[in-house]
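Me: Please take a close look at the strand pairing here. Go strand by strand, and then turn to the charged side chains that belong with it.

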Amino acid sequence: QVQLVESGGGLVQAGGSLRLSCAASGTIRSINNMGWYRQAPGNYRDLVAQITSDGGTNYADSVKGRFTISRDNAKNTVYLQMNSLKPEDTAIYYCNADRVATPSGLILNPWGQGTQVTVSS
């Protein structure tokens, strides 16, 4: 069984920074793409940033230049450094992995439980 556990959310003033972490636990051989999504009340869950196993990145236009995604493959962990935060960044942030290889086979599309990020104006 694979679990993704996020941490690092909280309350911050506009212009501030937060760093989110997501650690995948279990007997893991490899993880393909990892990503961060967010969902504000009444909205869909949208992609924020994604990183491939070899470090290629993709960002939503709304966070380009402010957020940076990175990963540590040895620790099965993905990070999201969020700078210059705006009130519209307020949402629950979810971690995702599209394919996780384990001795038992592939685990497809596991999600973390989410962490709340609130940016006050």
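Reply: Start with the term. Two strands count as paired if DSSP finds at least two bridges between them. The strands themselves are DSSP runs of at least two residues, numbered from the N terminus. Keep in mind that this is a predicted model.

Take the three-stranded sheet. It is open, its order is E4-E11-E12, and its pairing is antiparallel. Strand E4 (30–31) and strand E12 (105–108) form the edges, each pairing on one side only. E11 spans residues 99–102 and runs antiparallel to E12, with four bridges joining the two. Within that pair, Val100 stands opposite Ile107 of E12.

Now the six-stranded sheet. This one is also open, but its pairing is mixed, and its order reads E2-E13-E10-E5-E6-E7. The edges are strand E2 (10–13) and E7, and each of them pairs on one side only. From one strand to the next, the twist averages 25°.

E13 deserves a closer look. In the sheet order, E13 stands between E2 and E10. The two sides of E13 show how the mixed pairing arises. On one side, E2 runs parallel to E13, joined by four bridges. Leu11 has Thr118 of E13 as its bridge partner there. On the other side, E10 pairs with E13 (residues 115–120) in the antiparallel sense, over three bridges. Here Ile92 is matched with Gln116 of E13.

The faces of E13 split cleanly by residue. Thr115, Val117 and Val119 make up the covered face. Gln116, Thr118 and Ser120 make up the uncovered one. Both bridge partners named above, Gln116 and Thr118, therefore sit on the uncovered face.

Next, the charged side chains. Side chains of opposite charge can pair when their charged atoms come close. The structure holds three salt bridges. One joins Asp89 to Arg38, with the closest N and O atoms 2.9 Å apart. Arg38 belongs to strand E5 (residues 34–39), while Asp89 lies in the loop between strand E9 (77–82) and strand E10 (91–97), so this pair ties together parts that are 51 residues apart in sequence. E5 and E10 stand side by side in the order of the six-stranded sheet.

How accessible are the two partners, buried or exposed? The cut-off for buried is under 20% relative accessible area. Asp89 is at 1%, hence buried. Arg38 is at 13% and is buried too.

Asp89 has another partner. Its side chain meets that of Arg66 in a salt bridge of 2.8 Å, N to O. Arg66 lies in the loop between strand E7 (57–59) and strand E8 (67–72), and Asp89 in the loop between E9 and E10, so the pair ties together parts that are 23 residues apart in sequence. Both Arg66 and Asp89 are buried. Through shared partners, the salt bridges join Arg38, Arg66 and Asp89 into one network.

The remaining salt bridge links Asp61 and Lys64, at 3.1 Å from N to O. Its setting contrasts with the buried Asp89. Asp61 is exposed, at 64% relative accessible area. Lys64 is partly exposed, at 49%.

Note on methods
Residues numbered from 1 in each chain as written. Predicted model: local features only at pLDDT ≥ 70, side-chain atom pairs only at ≥ 80, totals over all residues. Heavy atoms only, no water. Salt bridge = Lys/Arg side-chain N within 4 Å of Asp/Glu carboxyl O. Buried < 20%, exposed > 50% of the residue type's maximum accessible area, 1.4 Å probe, protein only. Axes fitted to C-alpha atoms, helices over the stretch in contact; angles between N-to-C directions.
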